[in-house]
Amino acid sequence: MTTPALLPLSGRRIPPLNLGPPSFPHHRATLRLSEKFILLLILSAFITLCFGAFFFLPDSSKHKRFDLGLEDVLIPHVDAGKGAKNPGVFLIHGPDEHRHREEEERLRNKIRADHEKALEEAKEKLKKSREEIRAEIQTEKNKIVQEMKTKEKKPLPAVPIPNLIGTHGGDPEDNDLREKRDKIKEMMKHAWDNYRIYGWGHNELRPIARKGHSTNIFGSSQMGATIVDALDTLYIMGLHDEFRDGQKWIENNLDFSVNSEVSVFEVNIRFIGGLLAAYYLSGEEIFKIKAVQLAEKLLPAFNTPTGIPWAMVNLKSGVGRNWGWASAGSSILAEFGTLHMEFVHLSYLTGNPIYYKKVMHIRKLLQKMDRPNGLYPNYLNPRTGRWGQYHTSVGGLGDSFYEYLLKAWLMSDKTDHEARKMYDDAIEAIEKHLIRKSRGGLTFIGEWKNGHLEKKMGHLACFAGGMFVLGADGSRMDQAGHYLELGAEIARTCHESYDRTALKLGPESFKFDGAVEAVAVRQAEKYYILRPEVIETYWYLWRFTHDPRYREWGWEAALAIEKYCRVNGGFSGVKDVYSSTPTHDDVQQSFFLAETLKYLYLLFSSDDLLPLDHWVFNTEAHPLPVLHLANTTLSRNPAVR
Ligand code: DMJ
């Protein structure tokens, strides 16, 4: 046992106690010193030898022949070397010789570096599984095919833009509303300006530490997630200088050929969705080009035995994999089921059907599968094509899959009947097995887990209120009234989850258990990270009912965010909504600018801003235009044909 050195408060170190037997320390030290000296001598002799060998042994590359050029200084070689007298062989001296030596050195360094690189790559390869290597080879092949195709054509075909209505304006009818809307715009400025100063180019901002922030969903690169996610909000708020700043950054810095492993879902909804929306709103080609470049990088994720994409893909190597925690390496319903809107638009804009085919393949596969109780489990194994754990939720892991079925139908100008049918079937099963009323009369959406209903609802599931209302028109057996009511009930429950906290902000997840209703029980579920879902539902309900309570509830939430989440360096999430003195998590999420503030702004705008019969919002609140059949350009589009 050793005794650690003690460090007293004064900072002076007390030497460690010597607990060994008595010895002759001086003598021992001298002995060790002489041993070291001999070792050092041997080592330095060896190094000298190596250097000698390197510089003095004959090296054919040193005795290079040079053509006789007029500009060269030619001196017969008089070196001591053996071949010196060879007539006609000249060595070049003076500045040229120096130049050539440098050139040789450069070459040698390059060869050395290349060798090292090859060695490293070989080592890396050995670490990889057979599957990964196979995927890499496939990716390389795809790349070559893609490059050949790219050389053949390009630029992207000119596709006339669909009818774009209501991209500006939305000025509210009265003063009070105008003030509220201006306040939301000011909050957006605060969030953006601080990101601009402290986190520019990073994915997100830490508003208290005042520096960049990132999570593994964006990989290891600085991809400016906040810039891309915020663009369309800036645009509709009329923050044009800020929009142009973002555009410039994207033009000059947004690069997808990075060795970085990203989430296919997150990159699709935030980056591709954000870029496409920015393109449609502003008409700036650069956004379309970047969206297509990025989409090409995501395609290798679909190289699985079933065509169900991996959750993550390395943008450079194209190697994909799944999250370890996801039911024995399964893909997640809300991830592979939330690509449809963006991919259909990519095919529409490029005339390349590949994107459309990829998402339709997923749909066809899902249609063929048995569903326990008509419910879609959250996990699907991309190797076997079998469901993983039987866990169904309308919150995290499942949510936006249902949303995209409905929105695929809306985006197709209500012609994609297959999508509508899948949506109707799914929500019927959800209503039957997951939706219940609490003792206190609150309607909630539980989660199906291991054969029983967990009476717990996540903040994420609150988006469903808006979804039910959005899908009311066109529902089976004309149940529009029923779905409007269901949406309103979910909105009320979610409002209660906010109202029953100290901060008037909702927890991540809340229970319905005996006396406990709409309240988080576990400490780990009490946080609010600037999420949008409840405000999103208020906005849809406002648009479809014009009941003033939704604007009131939205304003309550805006005030609470302003009071408890605003800090000098931006906006931050809070760790416990039941504590009246909030502790900040120091993260300004990119979806706060993309969604939360956009939905609030729209809530206080008039309905002519982004009207819902012309625009469909992706799950990250990026508006994409409805592809109207009446639009003659559609029938001429190769992807649609
Ligand atoms: C957003 O990134 C998207 O709305 C996604 O679908 C799930 N939720 C986050 C924000 O809470």
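**Reading the pocket and cavities**

Modeller: Let us start with the second largest cavity, whose lining residues divide into seven nonpolar, one polar and one charged. Here Ala, Val, Leu, Ile, Met, Phe, Trp, Tyr, Cys and Pro count as nonpolar, Asp, Glu, Lys and Arg as charged, and the others, Gly among them, as polar. The model is predicted, so local features need pLDDT of at least 70 and side-chain atom pairs pLDDT 80 or more, while totals for chains, interfaces and linings use all residues. Residues are numbered from 1 along each chain as its sequence is written, and side-chain values use heavy atoms, without hydrogens or water.

Biologist: Which residues line the second largest cavity, and how is a cavity recognised?

Modeller: On a 1 Å grid over the protein atoms alone, a cavity is a set of points where a 1.4 Å probe fits but cannot get out; lining residues have an atom within 4 Å of a point. In this case the lining is Val264, Phe265, Pro309, Trp310, Ala311, Ser331, Ile332, Glu335 and Phe336. At least two lining residues each come from α7, β8 (331-332) and α9, where helices (H or I, at least four residues) and strands (E, at least two) are DSSP runs numbered from the N terminus. The space in this cavity is about 50 Å³, a volume being the space filled by probe spheres set on the grid points, which are joined across faces, edges and corners.

Biologist: How many cavities does a search of the whole structure find, and what lines the largest cavity?

Modeller: The search finds five cavities of 30 Å³ or more. The largest cavity holds about 140 Å³ of space. Of its 15 lining residues, Gly337, His340, Arg363, Phe401 and Leu405 lie nearest its centre. Two or more lining residues come from each of α11 (354-368), α12 and α13 (417-433). By class, the lining has eleven nonpolar residues, three polar and one charged.

Biologist: How much space lies in the largest pocket, and which element gives the most to its lining?

Modeller: A pocket is an open set of points with protein on both sides within 12 Å along at least five of seven lines. The largest pocket here contains about 1200 Å³ of space. It is lined by 45 residues, the closest to its centre being Gly396, Leu397, Leu460, Glu508 and Arg531. Helix α7 (264-282) is among the elements that supply at least two residues, and α7 gives the most, with four. The lining divides into 17 nonpolar, twelve polar and 16 charged residues.

Biologist: Where does the ligand sit, and which residues are around the ligand?

Modeller: A molecule sits in a pocket if more than half of its atoms lie within 2 Å of the grid points; the ligand sits in the largest pocket. Elements α7 and α18 give two or more residues to the shell around the ligand. With a heavy atom within 4 Å as the criterion, the surrounding residues are Ile269, Arg270, Leu460, Arg531, Pro532, Glu533, Phe591, Glu595, Thr619 and Glu620. This shell divides into four nonpolar, one polar and five charged residues.

Biologist: Which side chains place a polar atom by an oxygen atom of the ligand?

Modeller: A polar contact is a pair of N or O atoms within 3.5 Å. Polar side-chain atoms lie 2.7 Å from a ligand oxygen atom for Arg531, 2.6 Å for Glu533 and 3.0 Å for Glu595. The protein covers 91% of the 300 Å² of accessible area that the ligand has on its own, by the Shrake-Rupley method with a 1.4 Å probe.

Key: A polar contact is a pair of N or O atoms within 3.5 Å; within protein, one must be able to donate a hydrogen and the other to accept it, and residues adjacent in sequence count only if both atoms are side-chain atoms.
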